[in-house]
Each structure stands twice: as C-alpha cells, then as structure tokens.
Amino acid sequence: MQFDSVQLETFVAVLDEGSFDAAARRLSVTPSAVSQRIKALESRLGQVVVMRGKPARATAAGEALLRLARQVALLELEAIAAVRGTIDAQRIPLAVNADSLNNWFLPAMLDLSRTHDARFLVHQEDEEHSAEYLRNGTVLAAVTADPRPVQGCRVVPLGKMRYLPLATPEYAERWLTGKPLPEALAAAPMVVFNEKDVLQHRLVRKVTRRKLDPPSHAIPASAPFHEAVRIGLGWGMIEDQVAGPELAAGRLVEVAPGKYIDVPLYWQHWKLESGVLDALTAAVLRAAKAGLRTVTQRTPSARSRSRP
C-alpha cells in the first residue's frame with residue numbers, strides 16, 4: 001500500500017495543531033479540505049486514525065501511522081534540500097522535562113539553529129513519561145529517564161541532575177528545629193508540582209525510612225515553585241545549579257544536609273539516517289556535557305518532576 005503524501009502531511013498537521021481548523025490555517029487550505037483528506041486516508045486504511053476532540057488525538061492505528069508520517073516528512077525535506085542545495089525549514093517535535101528546559105537544554109536548540117532552519121515544537125513532560133511520546137509518534141526525540149530504548153530508537157546517556165531539599169532559614173526554624181528530622185518531616189509542609197512529582201516523597205523516605213505523606217502545596221510551574229520555596233511556603237527539591245546562589249547567600253538552607261536525589265537522564269531518538277537528527281544529537285550532547293553532572297557511578301533511580 002502506498003500513502004498519499006498530502007494526506008500524511010495533513011494528518012500530521014491535525015495532530016500537531018490539535019484541530020482541523022488550526023491544521024487548515026497551517027496548510028493554507030479550508031477546514032473542509034482537511035476533513036476530506038483525513039476521511040480519504042481513513043477510508044484507504046479502513047480504520048479511524050484521528051479521534052475528533054479538543055485536542056484531536058491519534059488512535060492506536062493513528063499512532064503507528066504518525067511515526068511513519070514524521071519519518072517520511074523529515075527524510076523528504078532533507079532529500080529536497082540536497083537536490084536544491086538549500087535548507088528548508090524543518091519542524092522538530094521534542095519531549096523534554098521542565099528542569100532540563102530550565103537549565104541546560106535550550107542552548108542545544110540554539111546550537112542547532114545556527115546550522116539548520118529548524119522549527120522546534122517542544123512538549124514539556126516528566127522524563128519518566130516522555131518515552132511515551134516516542135512510542136506514539138508525537139516526537140522525533142526525547143529526554144528520558146529510561147535507559148531502555150523505545151522500539152526503533154537509539155539511546156545515549158546524558159548525565160544526571162542533582163536535587164537538594166531546601167527551605168528558608170525561617171521555615172527551618174519553625175518546622176524542623178527542636179525535634180528529630182524524621183519526625184519533623186512527617187508534619188512539615190512541602191511544595192510539589194503535581195501528582196507526578198515524587199522527588200519530595202523520595203527524599204522523605206530516604207531520611208525517615210518510612211513511606212509518609214506530609215502536607216503539601218501543589219505549584220505546577222517552575223518559577224512559582226521556586227518562589228514558593230524561597231518565601232517559605234514549604235520545603236522543596238530544587239536543582240543544585242539553581243540553588244547554588246541562594247545557598248551561598250544564606251537565603252535557603254538544606255533541610256537534610258548531605259541528602260540529595262540524583263536523576264540520570266538519557267537522550268532517545270529515532271533510528272534514521274538524518275542529518276538534522278545527527279546534528280541535534282551532537283548539540284544535545286554538548287549542552288549536556290556543559291550543564292549536567294557526569295555519571296561516574298550508579299545513581300539512585302528517581303523520578304524528576306513534571307512541569308506542565
């Protein structure tokens with residue numbers, strides 16, 4: 001079976017943009033044309049590939065087709081560029097956790113943009129869950145916490161991020177002084193992002209050797225999360241690079257001195273003979289070398305946080 005390239009392009013646009021109307025604007029056609037192309041594609045396959053909703057999503061059959069469509073689109077652009085001798089704009093969908101975006105990953109994107117006319121579409125997702133974006137064809141590459149490659153992907157170790165349990169001196173005085181630390185942590189309010197953020201709970205278990213559920217405030221954004229810790233709303237796990245100046249100035253202190261959580265990170269991307277993917281991988285490795293700790297020994301398996 002051969003696929004119609006226009007139908008595949010339209011299919012990808014619908015899923016990237018989240019609706020038929022938005023895809024129509026991207027492709028400079030009418031919503032009716034988009035609908036007709038998707039219906040023709042589904043008729044040819046004999047299966048529904050798009051779940052109509054807000055946003056539009058791929059069905060199980062659509063996920064397999066999406067992987068193919070993205071690979072075809074990328075290789076097609078590179079072939080056209082080679083024939084013409086020019087570099088056309090390339091859409092590069094990625095999945096990256098928020099802490100990486102907040103620390104070391106953006107320089108990799110800038111690095112690639114100097115040599116390729118890339119248009120990045122970044123999906124922000126916890127690294128424990130980002131591999132799913134590779135499986136369903138949403139992205140070409142992802143920062144993950146899983147060293148096991150997704151089928152059809154290559155995996156490269158990047159390094160590790162270190163998180164410290166921090167609070168203001170005033171908070172520590174109020175909640176942690178005068179009682180054993182395990183007992184204090186059972187009652188001391190902490191700051192989390194959402195239900196995927198288990199770093200604080202892992203630190204509590206590391207210190208207390210018990211599975212506890214202290215009171216918590218959910219702050220689902222990077223800057224407000226850090227600010228919540230800085231003003232004393234609760235204690236929280238913050239990347240050591242971000243925390244360095246605050247610790248040096250005495251504005252934050254370690255809740256459990258000498259205790260931390262290391263999160264190993266990996267770069268996974270599809271196995272394609274693609275110049276832009278190779279260049280992106282090289283840029284990511286350079287940025288990781290500059291921004292992450294080197295993995296010199298086995299580190300505890302830990303989940304980082306999702307930052308929607």
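Arginine 209 sits out in the open in this predicted model, with a relative accessible area of 70%, which makes it an exposed residue. Its home is the loop between helix H10 (199–208) and strand E8 (216–218). The backbone here does something a bit unusual: phi of arginine 209 is near 65°, a positive value in a residue other than glycine. For context, most residues other than glycine have a negative phi.

Serine 28 tells a similar story. Phi of serine 28 is near 60°, again positive and again not in a glycine. This serine belongs to the loop that joins helix H2 (20–27) to helix H3 (31–45). With a relative accessibility of 67%, serine 28 counts as exposed, since the cut-off for that class is over 50%.

One more backbone oddity turns up at proline 55. The peptide bond leading into proline 55 from lysine 54 is cis, and its omega is near 5°. As a general matter, most peptide bonds are trans. Proline 55 is placed in the loop between strand E1 (50–51) and strand E2 (57–58).

Stepping back to the whole chain, the protein has 308 residues, and 48% of them count as buried. The fold is built from 13 helices and eleven strands. Its C-alpha trace spans about 70 × 40 × 30 Å along the principal axes. Among contacts with a separation of 6 or more, 76% come from residues 24 or more positions apart. The accessible surface adds up to about 14,800 Å², and carbon and sulfur atoms own 52% of that. As for charge, there are 39 positive and 33 negative side chains, with the centres of the two sets 3 Å apart.

Two helices show how burial is arranged along a helix. In helix H6 (residues 106–113), the buried residues are Ala108, Met109 and Leu112. Viewed down the axis of H6, these residues fall within an arc of 100°, so they line one face of the helix. Such a pattern fits the geometry of an α-helix, which has 3.6 residues a turn, so residues three or four places apart point the same way. The cover over the buried residues of H6 includes strand E4 (118–124) and helix H13 (275–291).

Helix H12 (residues 240–248) has its own buried set, made up of Asp240, Val242, Ala243 and Glu246. Around the axis they take up an arc of only 145°, which puts them on the same side of H12. Their packing partners are a mixed bunch: helix H5 (98–103), strand E6 (153–167), helix H11 (222–230) and strand E9 (236–239).

Just past this helix, the chain moves into the loop between H12 and strand E10 (253–254), where alanine 249 is found. Alanine 249 has a relative accessibility of 45% and so counts as partly exposed, falling short of the over 50% needed for exposed. The C-alpha of alanine 249 is separated by 26 Å from that of alanine 218, which is 31 residues away along the chain. H12 is also followed by glycine 250, and phi of this glycine is positive, near 80°.

Buried polar side chains deserve a look too. Aspartate 262 is part of strand E11 (residues 261–270). With a relative accessible area of 2%, aspartate 262 is buried, because the limit for that class is under 20%. Which side chains make polar contacts with the side chain of aspartate 262? One is lysine 160, at 3.3 Å, and another is arginine 162, at 2.8 Å.

Asparagine 194 is another buried case, this time with a relative accessible area of 17%. Asparagine 194 lies in the loop between strand E7 (190–192) and H10. A polar atom of the asparagine 194 side chain lies 2.9 Å from the backbone nitrogen of lysine 196. Farther afield, the C-alpha atoms of asparagine 194 and leucine 121 are separated by 23 Å, with the two positions 73 residues apart along the chain counted as their spacing.

Methods. Residues numbered from 1 in each chain as written. Heavy atoms only, no water. Helix = DSSP H or I, 4+ residues; strand = E, 2+ residues; numbered from the N terminus. Buried < 20%, exposed > 50% of the residue type's maximum accessible area, 1.4 Å probe, protein only. Contact = heavy atoms within 4.5 Å. Areas by Shrake-Rupley, 256 points an atom, 1.4 Å probe, with all protein chains shown as cover. Lys, Arg positive; Asp, Glu negative; His and termini not counted. Charge placed at Lys NZ, Arg CZ, Asp CG, Glu CD. Arc of directions from axis to C-beta. Polar contact = N/O pair within 3.5 Å; in protein donor to acceptor, adjacent residues only side chain to side chain.
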